[in-house]
Amino acid sequence: PQQSDLRGEPAPDFAFEPLHGGADVDFAAFRAGRPTVLNFFYKDCPPCVVEMPDLQDAYEAYGDRVAFLGLSYQESVEDGRELVERTGVTYEIGRDPAGELITAFAAVGLPTTVFIAADGTINATHTGDVRGDLDAELEELVA
């Protein structure tokens, strides 16, 4: 399936439910004007699992300069937490229990990683294992 190209479009506004519980978080407030990496994943998706440690490494390397958010797609809190523990990610993880958020980003498969510029426009959307393009996309985001 061909992904619709949202490059240059404003990222959709949404609120997400944190995986660890608590009140929903407004995505715009979470981003706080920073470039953002938004990753949709599912525990039974091998490329999702494989790329998560690389996303964690990038999160650690960029620190507060880039916001990172993972969204657990249509799975239970327990499954999401188990995957986060197994992969060692410490960036913010939320939930997309009904698949509404991934649909808002016109994604066609998992994993999907969306790179959002500081001004809130979508810079790129990557379907599949993002590791080969991660560094280049991040460099473009912070340039």
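**Exercise 1.** Which residues are exposed on the other side of helix α3?

Solution. The model is a predicted one, in which local features need pLDDT of at least 70, side-chain atom pairs count only at pLDDT 80 or more, and totals for chains, interfaces and linings use all residues. Residues are numbered from 1 along each chain as its sequence is written, and side-chain values use heavy atoms, with hydrogens and water left out.

Begin with the buried residues of α3 (residues 77–87), which are V77, G80, L83, V84 and T87; buried means under 20% relative accessible area, exposed over 50% and partly exposed in between, with a 1.4 Å probe and protein chains only. Because these residues cover an arc of only 135° around the axis, they lie on the same side of α3, the arc being that of the directions from the helix axis to the C-beta atoms. On the other side of α3, the exposed residues are E78 and E85.

**Exercise 2.** Find how strand β6 is placed and paired.

Solution. Helices (H or I, at least four residues) and strands (E, at least two) are DSSP runs, numbered from the N terminus. In β6 (residues 112–116), five of the five residues are buried, so the strand is largely enclosed by the rest of the structure. T112, V114 and I116 point one way, whereas T113 and F115 point the other way.

Next comes pairing, for which DSSP must find at least two bridges between two strands. β3 and β6 run antiparallel and are joined by five bridges, with F40 opposite T112. β6 also pairs with β7 (residues 122–127) in the antiparallel sense over five bridges, where V114 has T125 as its bridge partner.
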